[in-house]
Amino acid sequence: ISVIDSPNSSSGREPVLLVTRRSGTFTIAITPNDSPKPGTSYRISGVQIRRASPQDRDRAAALQGYYAARQGVEKDKQKQLQTRQTVLATLERTAAPQDLRAYAARDLGSAHAAVSLWRESARSYRKAAQIFQHLGMPQQQAKALIEAGKVELLIPSVAEAVKHYEQALSLARAKGYETEDAAASTHLGMFYADRGDAWNARPHIDRAIALRRKQHNSEGEHYALTALAILHRNLGEYDEALKIYQDELQRLELSRRNRAAVLTDLGNLYTKMGSPDKALRFLWQALDLQRQPEDLHDQANTLIGFGLAYSRKRRFSDALASYRRALAIYRNENDPRAQATSFMNIGWALGSLHRYDEATESFGRAFRLAHELKQPMLEAAALLGLAWTERLRRNLTAAIERAQEALTRIESTRSDIPQREYRLAYFSSLQDAYDFTIDVLMEQYDLRESRELLEKADRKSTRLNSSHITI
């Protein structure tokens, strides 16, 4: 008659509302979806038998709609989003139990994230966390706060993301929820690792690694170790990062997807170390593991790695082909942020091939996407690409104007986006952006001696030396 499956695992209360089409005597039989553990028992409590009202029928239908949505497998992400929206609205309209509304709000957050609607996703997760807090369900509250933090970094709402990670961590440690403690610690560790902040990153990462090893959770340990590798990489400690990736591959029982992710990271590290041939060997290994339909986004990330390695070898036509393949996937996956990054990388490759008009068009498309996303750091990267192209054309005045527009955005935004979000071929740090601007100013000075140009270059150099920001 009814399928009941709220996400409370194998224990906890399950709200049930059964409405029959005719009166009579009925026996309630409970059958688990899977084999029950030894000693498992079910108890029916709080039973009320009464004449059904139209509201009861609506509420019963709403509950069944919720459970059906949880059990269904909808491949079309937009349809899944519409279903989740309808389910939550119906649960609220029929005054369904609050805990189900909280779970439905969390499911809706996941559906929004699947189509890159980060702000809407964050709102849904925050709503779920508030309801769980009201109901006195701190573990579920912590889970929702962690999910909120993850999508808030993508908006980006960095202060909100860190706040929610820290709230989740505080709840988890106060209540002894080690899984949520490890998850929040990993995310905070990754956040600080992205910025090369070892002082704040290392305690979180070390705790996450210790907890995951205690739990014998190889997948969780993989994410924590990846954060540690990124920290070493961003500190320029490439050999230490290399050891971590190699240890993961040799020691941990990784899923196919996570093994491919480690191989991609290892390839990108070798590119950064100036060994693109080694990088390509690991990237091919990663791509060989990414052949399933669910691997497309990961495959695109690996293709970006190929492009970076080919660029390092000055094989710009091969890099261009890899970037374009990645762009096609990102379009199909409806990931505008990754599309913007791909257009930029395509612009670098085209510029390196002296196809300047096409490069300008590609950087322009990246800029428009970044502007629509309200992502000033991505806008800055696209403007630097346009400046670079103008420099190649020997249009130094236009190059300086574009570069200064970019630096204005960088300085106003600071480090709101983790640098690993970009995977760009050039201008991967603030140092690169300032160096480029100073170089163009000095190049223009060589052509036209000017005290004003020297002063501009000096100001840029002074501002860089007093800053510790990275894109």
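How are H11 and H12 oriented to each other, roughly parallel or roughly antiparallel? In this predicted model, where residues are numbered from 1 along each chain as its sequence is written, local features need pLDDT of at least 70 and side-chain atom pairs count only at pLDDT 80 or more, while totals for chains, interfaces and linings use all residues. Side-chain values use heavy atoms, with hydrogens and water left out.

The axes of helix H11 (residues 256-272) and helix H12 (residues 276-289) come within 8 Å and cross at roughly 165°; helices here are DSSP runs (H or I, at least four residues) numbered from the N terminus, and axes are lines fitted to C-alpha atoms over the stretch in contact, with angles from 0 to 180 degrees between N-to-C directions. H11 and H12 are therefore roughly antiparallel to each other, a term for angles over 145 degrees, whereas those under 35 count as roughly parallel, 65 to 115 as roughly perpendicular and the rest as oblique. The crossing of H11 and H12 is left-handed, that is, the near helix is turned anticlockwise from the far one by less than a right angle. Among the residues that make the contact (heavy atoms within 4.5 Å) are Leu263 and Tyr270 of H11 and Phe282 and Leu289 of H12. By class, this contact of H11 with H12 has 10 nonpolar, five polar and three charged residues, where Ala, Val, Leu, Ile, Met, Phe, Trp, Tyr, Cys and Pro count as nonpolar, Asp, Glu, Lys and Arg as charged, and the others, Gly among them, as polar.

A search of the whole structure finds eight aromatic pairs, meaning rings of Phe, Tyr and Trp (its six-membered ring) with centres within 6.5 Å, and planes under 30 degrees apart count as stacked, over 60 as edge-to-face and the rest as tilted. Two of these pairs are set out below.

| Aromatic pair | Centre to centre | Between the planes | Type |
|---|---|---|---|
| Phe191 and Tyr192 | 5.0 Å | 80° | edge-to-face |
| Phe363 and Trp388 | 6.5 Å | 85° | edge-to-face |

Phe363 lies in helix H16 (residues 356-372) and Trp388 in helix H17 (residues 376-392), so the pair ties together parts that are 25 residues apart in sequence. Both Phe363 and Trp388 are buried, which applies under 20% relative accessible area (exposed is over 50%, partly exposed in between, with a 1.4 Å probe and protein chains only). Phe191 counts as buried at 6% relative accessibility, and Tyr192 is buried with a relative accessible area of 14%. Elsewhere, Trp284, Phe306 and Tyr310 form one aromatic cluster.

Gln299, in helix H13 (residues 296-312), counts as buried at 12% relative accessibility. Not counting residues up to four places away in sequence, Gln299 touches Leu287, Gln290, Arg325 and Ile329.

Technical notes: Helix = DSSP H or I, 4+ residues; strand = E, 2+ residues; numbered from the N terminus.
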